[in-house]
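Student: I should like to work through this structure by question and answer, beginning with the terms that the reasoning needs.

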Amino acid sequence: MSFKAPGFKATVLTLFPEMFPGPLGQSLAGRALEQGIWSLEARDIRASACDRHRTVDDHPAGGGAGMVLKPDVLAAAIDAAPHDGPRLLMSPRGEPLTQALVRELSAGPGCLIVCGRFEGVDERVIEKRNLREVSIGDYVLSGGEPAAIVLLDAVVRLLPGVMGKQASGEEESFEGGLLEHPHYTKPNVWEGVEIPGILLSGDHKAIARWKQEQRNALTQARRPDLWRALRGPNESGKI
Ligand code: SAH
């Protein structure tokens, strides 16, 4: 019998557990799930509602549109869920999900992810249960489930043994603060456009230099914010 590491443990709290594993059951993440490299438990928040109607939400204090997830129900769901690692709340006002945060999470034992619905969750449960709010972008989803799937997809592909070649994680967009260089594959000429000659030259040093130049140029053109962050506030931004 071979020793098996416990793997990354994801626990998701949701009103729609049937949304999981969803896309995470396919391809790289799905295979890794089958292999036990990570585990996923989606738990129904509603199971922690104890009144006759299994109420999970109520009207916002002070008025306003929509409904708010009740703190007592959500806290009970959190307390009942065995989990490892940080407790996250998917939230449009959270810290942006970055590759750095993804790496940090993938190096840990797992995480608990709370998926909001309606207008959101009662503020007190965020404080009392120490929830770290994470946003996947500046737009509003109808629920945290797709955001949790995005986060877990990004984390799982970094777990050891998930990607075929470990190196393929290292040259990618955002690793090193840059966008990735363009890719090409056969045929060498397609619709009249050739693969850049340098990539077919066999000169590995020149190829590496070309890739670096492409990464710099793309980042500067498309994401001046990333470029500035990399160069520091006093640099001109010129390559
Ligand atoms: N009233 C809230 C939006 C609620 S959307 C506001 O204006 O900030 C309902 C739920 O979807 C949220 O509780 C959150 O869990 C999830 N959600 C929506 N947009 C998201 C985003 N950009 N990133 C992460 N989660 C998001």
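Tutor: Contact here means that heavy atoms lie within 4.5 Å. The model is a predicted one.

Student: Leaving aside neighbours within four places in sequence, which residues is Leu 200 in contact with?

Tutor: Leu 200 belongs to the loop between strand S9 (193–194) and helix H6 (204–222). Once its neighbours within four places in sequence are set aside, the residues in contact with Leu 200 are Asn 188 and Ile 195.

Student: What distance separates the C-alpha atoms of Leu 200 and Gly 7?

Tutor: Leu 200 is in the loop that runs between S9 and H6. Gly 7 is 193 residues from Leu 200 along the chain, and the separation of their C-alpha atoms is 40 Å.

Student: Which side chain is joined to that of Glu 172 by a polar contact?

Tutor: Glu 172 is placed in the loop between helix H5 (145–156) and strand S8 (189–190). Beyond its neighbours within four places in sequence, Glu 172 has Arg 157, Leu 178 and Glu 180 in contact with it. The polar contact between side chains has a length of 2.8 Å, and the partner of Glu 172 is Arg 157.

Student: The loop between H5 and S8 also holds Pro 187. What is the omega of the peptide bond that joins Lys 186 and Pro 187?

Tutor: Pro 187 is located in the loop between H5 and S8. The bond from Lys 186 to Pro 187 is cis, with an omega of about 5°.

Student: Which residue precedes Pro 21 across a cis peptide bond?

Tutor: Pro 21 is situated in the loop between strand S1 (8–14) and helix H1 (27–34). The cis bond has omega near 0°, and the residue from which it leads to Pro 21 is Phe 20.

Student: What is the phi of Phe 118?

Tutor: The loop between strand S6 (110–115) and helix H4 (123–128) contains Phe 118. Although Phe 118 is not a glycine, its phi is positive, at about 55°.

Student: Let us turn to the ligand. How much of its accessible area does the protein cover?

Tutor: Several backbone atoms approach oxygen atoms of the ligand: a backbone N or O atom of Met 90 is at 2.6 Å, a polar backbone atom of Gly 143 is at 3.4 Å, and a backbone N or O atom of Gly 144 is at 3.4 Å. Of the 550 Å² that the ligand has accessible on its own, the protein covers 83%.

Student: Which element gives the most residues to the shell around the ligand?

Tutor: The ligand occupies the largest pocket. Two or more residues of the shell come from each of strand S5 (87–96) and strand S7 (132–135). The element that gives the most, with 3 residues, is S5.

Student: How many residues of the shell around the ligand are charged?

Tutor: The ligand is surrounded by 19 residues, and the closest are Met 90, Gly 116, Glu 119, Gly 137 and Tyr 139. By class, the shell has 9 nonpolar and 8 polar residues, and the number of charged residues is 2.

Methods:
Residues numbered from 1 in each chain as written. Predicted model: local features only at pLDDT ≥ 70, side-chain atom pairs only at ≥ 80, totals over all residues. Heavy atoms only, no water. Helix = DSSP H or I, 4+ residues; strand = E, 2+ residues; numbered from the N terminus. Polar contact = N/O pair within 3.5 Å; in protein donor to acceptor, adjacent residues only side chain to side chain. Near = heavy atom within 4 Å. Areas by Shrake-Rupley, 256 points an atom, 1.4 Å probe, with all protein chains shown as cover. 1 Å grid on protein atoms, 1.4 Å probe; cavity = no way out; pocket = protein on both sides within 12 Å on 5 of 7 lines; lining within 4 Å. Sits in = over half its atoms within 2 Å of the grid points. Nonpolar A, V, L, I, M, F, W, Y, C, P; charged D, E, K, R; others polar.
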